[in-house]
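Colleague: Could you walk me through this model before I go back to the bench? I'd like to start with the fold and then look at some side chains.

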Amino acid sequence: MIDDIPLPSTDDPCDAPFWEATRRGELAVQRCSGCGLRRFPPRPVCPACQSFAHVWEPTSGRGRIWSFAVPHPPLLPAFEKLAPYNVVVVELADDPAIRMVGNLVASADGTINEIDPNTITIGMPVRVVFHRAADDVALPRWVPV
């Protein structure tokens with residue numbers, strides 16, 4: 001944890017390549033080597049063809065807000081001081097079937113409550129930025145385009 005915020009584990013073999021890519025400033029997804037289906041979240045087997053073979057590919061890092069929520073207390077204690085804040089679901093421009101959850105911020109190191117929730121709209125174009133939360137964790141976040 002950094003700043004009392006829980007951080008993801010980055011050493012799980014299934015999603016470690018995702019976290020390695022974020023540390024390089026890339027947003028990557030799995031692509032099945034059998035049928036070509038892109039997938040996220042990462043998993044060992046393709047849901048379409050059941051192949052175990054896959055590669056990791058960078059995306060453009062662009063998308064649009066597909067949905068969002070504004071959590072209010074009561075929350076996990078680590079997030080109480082930040083509430084209310086936004087949680088966005090972003091549909092990737094490269095593959096609209098892939099959606100990622102994150103926060104809309106003004107800059108990579110901005111706080112997750114710095115954007116007025118009343119300014120967030122479904123369909124808003126966004127691009128990924130990366131917040132270095134710890135030596136081994138770069139969290140994908142989203143900024144308006």
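Modeller: Let me begin with a definition: helices (H or I, at least four residues) and strands (E, at least two) are DSSP runs, numbered from the N terminus. This is a predicted model, in which local features need pLDDT of at least 70 and side-chain atom pairs count only at pLDDT 80 or more, whereas totals for chains, interfaces and linings use all residues. Residues are numbered from 1 along each chain as its sequence is written, and side-chain values use heavy atoms, with hydrogens and water left out.

Colleague: Fine, so what pattern does the chain follow along the sequence?

Modeller: Reading along the sequence, you meet α-β-β-β-β-α-β-β-β-β, which comes from two helices and eight strands. The radius of gyration (taken over C-alpha atoms) is 16 Å, close to the 15 Å that the globule rule, 2.2 Å times the number of residues to the power 0.38, gives for 145 residues, so the chain is as compact as a globular protein of that length. Along the principal axes, the C-alpha atoms fill a box of roughly 45 × 30 × 25 Å.

Colleague: And what share of the residues is buried?

Modeller: Buried residues account for 39% of the 145 in the chain, where buried means under 20% relative accessible area, exposed over 50%, and partly exposed in between, with a 1.4 Å probe and protein chains only.

Colleague: Switching to salt bridges, how many are there?

Modeller: The count comes to five, taking a salt bridge as a side-chain nitrogen of Lys or Arg within 4 Å of a carboxyl oxygen of Asp or Glu.

Colleague: Which residue does E91 pair with across distant parts of the chain?

Modeller: E91 forms a salt bridge with R64, and the closest N and O atoms are 2.7 Å apart. This pair links distant parts of the chain, with E91 in strand β5 and R64 in strand β4 (residues 62-69), 27 residues apart. The side chain of E91 also meets that of R99 in a salt bridge, at 3.7 Å from N to O.

Colleague: Is E91 buried or exposed?

Modeller: E91 counts as buried because its relative accessibility is 12%, while R64 counts as partly exposed at 32% and R99 as partly exposed at 34%. Elsewhere, R31, R38 and E57 are joined into one network by salt bridges that share partners.

Colleague: What about R24, which residue is its partner?

Modeller: R24 forms a salt bridge with E26, with the closest N and O atoms 3.1 Å apart. R24 is exposed, with a relative accessible area of 54%, and E26 is partly exposed, at 30%.

Colleague: Changing topic, where are the cis peptide bonds?

Modeller: One is the bond from F40 to P41, with omega near 5°, and P41 sits in the loop between β2 (38-39) and β3 (54-58). Another is the bond from A83 to P84, with omega near -5°, and P84 is found in the loop between α2 (77-80) and β5 (87-92).

Colleague: Which residue other than glycine has a positive phi?

Modeller: Q50 is one, with phi near 65°, and its place is in the loop between β2 and β3.

Colleague: Last one: where is D135, and is it buried or exposed?

Modeller: D135 lies in the loop between β7 (125-134) and β8 (137-144), and D135 counts as exposed because its relative accessibility is 76%.
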